[in-house]
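Colleague: Could you pick one part of this model and take me through it closely? Afterwards, I would be glad to hear how it sits beside a few other places you have looked at.

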Amino acid sequence: MSALFVLIGISILVAGGFLLAFLWSVGNGQYDDDYTPSVRMLFDQEKNTAAKNETENIQVTTPTTK
Amino acid sequence: MQVEKFYYDNRIVKNFAYATILWGVVGMLAGLWVALQLVFPSLNITQYGTFGRLRPLHTNAVIFAFVGNGIFMGVYYSLQRLCKARMYSDTLSKIHFWGWQLIIVAAAITLPMGITTSKEYAELEWPIDIAITLIWVVFGWNMFGTILKRRERHLYVAIWFYIATFVTVAVLHIVNSFAIPVSFMKSYSWYAGVQDALVQWWYGHNAVAFFLTTPYLGLMYYFMPKAANRPVYSYRLSIIHFWALIFLYIWAGPHHLLYTSLPNWAQSLGVVFSFMLIFPSWGGMINGLLTLRGAWDRVRDDVILKFMVVAVTAYGMATFEGPMLSLKNVNAISHFTDWIVAHVHVGALGWNGMLTFGILYWLIPRIFNTPLYSKKLAANHFWLGTLGIVFYAVPMYWAGFTQSSMWKQFTESGQLKYSFLETVTYLKPFYAMRSLGGTLYLIGALIMVYNIYKTVKAGKLVADEAAEAPALEKEYHSHQGEHWHRWIERKPVQMLVASLIVILIGGVIEMVPTFLIKSNVPTISSVKPYTPLELQGRDIYVREGCYVCHSQMIRPFRSETERYGEYSKAGEFVYDHPFQWGSKRTGPDLAREGTGNLKKSDGWHFRHMREPSSMSEGSIMPAYPFLLEQDLDTNSTPAKIRAMQTLGVPYEKGFDKEANEALMAQAKQISNNLLNDSIRVAPNKEIIALIAYLQRLGKDIQQPQNN
């Protein structure tokens with residue numbers, strides 16, 4: 001049943017890769033703010049928001065309800 | 001801060017959208033056709049149109065062509081906007097698009113020709129496998145290139161789902177596709193028997209996980225908030241359930257092999273992880289549905305949201321059912337039956353299909369800058385699709401449960417109550433009803449084709465959509481600010497993936513041959529390699545996709561050992577490159593077809609293959625008259641023997657040169673047997689080899705006598 005060990009090895013490598021990615025993402029500050037991103041992605045469509053978005057956190061306090 | 005102007009590439013999105021629609025219809029049509037074949041076996045027209053060859057065409061078309069293009073459509077649309085950047089390279093986008101379509105065409109040609117590895121959802125032969133790997137790398141290159149030149153620091157959760165999809169599918173595909181080529185379009189799996197089964201279902205399950213689930217969750221996290229115009233219920237939950245999901249999924253594969261010859265501890269491992277998966281899966285489902293909190297009134301009017309709600313609900317149902325089916329006592333009933341067919345179609349039709357439709361209705365009007373042609377038609381599509389799912393799933397659940405119960409039913413005197421054939425003919429009405437469900441679903445999809453055609457006609461493609469965003473600062477000062485951070489940040493994802501792939505390829509190439517071949521040494525001394533004729537017959541069995549309907553795995557239940565003989569042992573499969581355990585019993589198990597009560601004469605097999613219903617009245621098996629006409633290709637015998645020797649099968653040295661003599665001797669013997677049965681057939685016909693293989697099945701171990 002050595003295929004098992006091969007698969008486990010590979011699975012651990014993959015999981016390890018994801019662990020590194022996870023650590024990177026936390027260390028990188030990706031999850032420092034776990035609210036703004038969910039709102040920000042809604043606004044990339046609007047024609048004139050690019051200028052507004054210069055200040056990144058503009059929508060934090062005012063989630064619009066259109 | 002400098003605001004930069006740039007353009008989103010909508011043409012590539014349009015191309016993938018068209019491909020999604022085209023292949024979706026083709027895949028569903030193929031599905032409807034094979035469903036009808038189970039009701040009307042006469043629809044098995046010519047050798048290129050038998051169920052065994054067309055069902056893989058259906059599954060591959062739906063998974064890799066329909067859903068595959070759907071993934072790319074959604075990724076190319078959302079990634080550009082989430083990264084505030086055009087795709088990294090238009091050339092790579094084009095290579096990706098056309099390469100993927102060529103692979104699909106290659107699949108559509110080779111599968112009906114019987115060119116297959118017989119590993120489910122990985123049936124394509126080695127040259128196409130290599131092409132898939134290359135195109136997948138192009139996709140990844142393009143995606144990571146875009147991520148690296150993004151103008152938005154934060155990677156939205158959808159992007160993480162895309163990354164996980166890319167990395168894991170690459171690894172799965174490479175590991176499972178390891179094979180030794182025999183000729184340009186024929187190869188033998190590197191693994192044998194139990195090992196092959198394990199690798200295959202490690203792949204097979206994760207194909208569901210990382211091709212049908214994670215990318216679509218990513219799409220859900222982009223398109224559902226967009227369609228509802230409100231943020232996802234909990235961004236924090238999305239992050240937690242993402243990491244939990246990808247860590248758990250990869251261990252769940254063995255739940256496809258419960259009660260088989262796989263070691264018990266591996267089975268249990270699969271069960272435990274499968275069960276845990278319910279939590280992250282439902283995390284995603286809940287997060288999707290609750291995104292609509294306070295907006296449910298809009299679901300009444302907005303057909304796109306309707307599609308998405310049904311999709312996410314179907315996801316929730318399928319991922320509740322999955323862990324349940326992974327429990328051994330449930331699996332004992334459900335495995336090998338139409339229950340599983342129902343389960344996967346709730347996932348495919350409900351989750352993947354309905355979400356794809358929702359995205360198409362949302363996206364096409366946007367990139368063509370025009371309203372949808374008809375909301376009413378879209379609503380009709382929605383209801384036809386939803387009803388189609390119900391009409392499909394309910395008969396299949398019913399059929400699965402019924403058939404399993406009939407298999408396990410004993411009379412008062414302890415005899416099996418139903419012959420296998422009785423359980424098959426009982427299911428025909430259910431199969432007919434299922435076709436009705438499929439028809440409804442297909443009609444819905446055709447209505448969508450018309451609706452989108454009219455929409456596209458009315459609008460004009462905004463091929464390059466203008467956008468602007470401030471450039472990303474080059475240096476990011478994290479609050480910790482150590483310098484390895486900065487170093488890794490310059491090429492974070494690229495480095496990660498490149499090193500992972502290098503390690504994996506290197507590791508696999510080194511380990512697989514040395515490890516696996518040694519452990520293929522038989523543990524049952526009476527198990528012998530196939531004779532050349534049997535080997536050729538086995539390749540015909542593979543070519544015709546017999547594994548699609550016939551298992552070769554007797555589980556240790558009394559209802560199975562009574563019907564099929566002694567339960568299967570791991571040691572019996574050590575020369576099976578690839579394994580042929582199957583996953584569905586539309587026909588009976590064949591693991592011991594050549595032994596005990598199941599043993600039939602050569603003449604029976606001959607007549608049965610010529611016209612199955614002549615020997616088993618009411619059989620829904622296709623007829624194989626062409627096997628009686630076609631000559632066996634004996635030129636390939638030496639190469640096949642040599643390939644097997646490389647894989648560690650103990651044929652004597654130099655046997656490849658004598659193999660064809662041995663083959664002819666055995667063929668003449670069978671031909672003579674048939675002559676005694678007043679059947680005149682030349683020994684060089686394919687049917688002879690197939691009979692040799694069928695008569696060999698299960699013979700290697702001494703079985704206790706059953707009554």
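**A close look at helix H24 of chain B**

Modeller: Happily! Let me start with the surroundings: the cover over the buried residues of H24(B) includes four helices of chain B, namely H18 (532-543), H20 (602-610), H23 (637-646) and H25 (686-696). Please keep in mind throughout that this is a predicted model. The residues of H24(B) that lie under this cover are B:Ala659, B:Leu663, B:Ala667, B:Ile670, B:Ser671 and B:Leu674.

Now for the length of the helix. H24(B) takes in residues 655-676, which is 22 residues, and at 1.5 Å a residue they should span 32 Å. The C-alpha atoms at its two ends are 31 Å apart, so the expected span and the modelled one agree. After the helix comes B:Ser678, where phi is positive, near 55°.

Helix H13 of chain B makes a useful companion. H13(B) covers residues 338-367, and its 30 residues should span 44 Å at 1.5 Å a residue. Its end C-alpha atoms are separated by 41 Å, which again counts as agreement. Along the way, H13(B) bends by about 30° at B:Gly353. As for burial, 25 of the 30 residues of H13(B) are buried, so the rest of the structure largely encloses this helix. Just past H13(B), B:Asn369 has a positive phi of about 55°.

Chain B also offers a pair of strands to look at. Strand E2 (residues 179-183) and strand E3 (residues 186-189) of chain B run antiparallel, with 4 bridges between them. The link from E2(B) to E3(B) is a hairpin of 2 residues. One bridge is easy to find on your display: B:Ser183 has B:Lys186 as its partner in E3(B).

Two single residues from other helices are worth a visit too. B:Leu237 belongs to helix H7 (residues 235-249) of chain B. This leucine has 18 C-beta neighbours inside 10 Å, and because a residue needs 20 or more to be called buried, B:Leu237 counts as partly exposed. Leaving aside residues up to four places away in sequence, B:Leu237 touches B:Gly283 and B:Asn287. B:Trp33 is 204 residues away from B:Leu237 along the chain, and their C-alpha atoms are 42 Å apart.

The second residue, B:Thr91, sits in helix H3 (residues 90-110) of chain B. B:Thr91 is exposed, with 10 other C-beta atoms within 10 Å. Between the C-alpha atoms of B:Thr91 and B:Leu690 there are 48 Å, for a separation of 599 residues along the chain.

Finally, a word on chain A, where some caution about confidence is in order. Chain A has 3 helices and 0 strands, so its order from the N terminus reads α-α-α. Of the 66 residues in chain A, 32% are buried. The mean pLDDT of chain A is 69, with 64% of its residues reaching 70 or more. Within the chain, confidence peaks in helix H2 (residues 36-40) of chain A, at a mean of 88, and is lowest in helix H3 (residues 49-52) of chain A, at 38. Over residues 48-66 of chain A, pLDDT stays under 50, and for this stretch the model has 21 contacts beyond four places in sequence.

Terms used: Residues are numbered from 1 along each chain as its sequence is written. Chains are lettered from A and ligands numbered from 1 in the order in which they are written. This is a predicted model: local features need pLDDT of at least 70, side-chain atom pairs count only at pLDDT 80 or more; totals for chains, interfaces and linings use all residues. A residue is buried if 20 or more other C-beta atoms lie within 10 Å of its own, exposed if 12 or fewer, and partly exposed in between; C-beta atoms are placed from the backbone. The expected span of a helix is 1.5 Å times one less than its number of residues. Two residues are in contact if their C-beta atoms, placed from the backbone, lie within 7 Å. The bend at a residue is the angle between axes fitted to the seven residues ending there and the seven starting there. Two strands pair if DSSP finds at least two bridges between them. pLDDT is the predictor's confidence in each residue, from 0 to 100.
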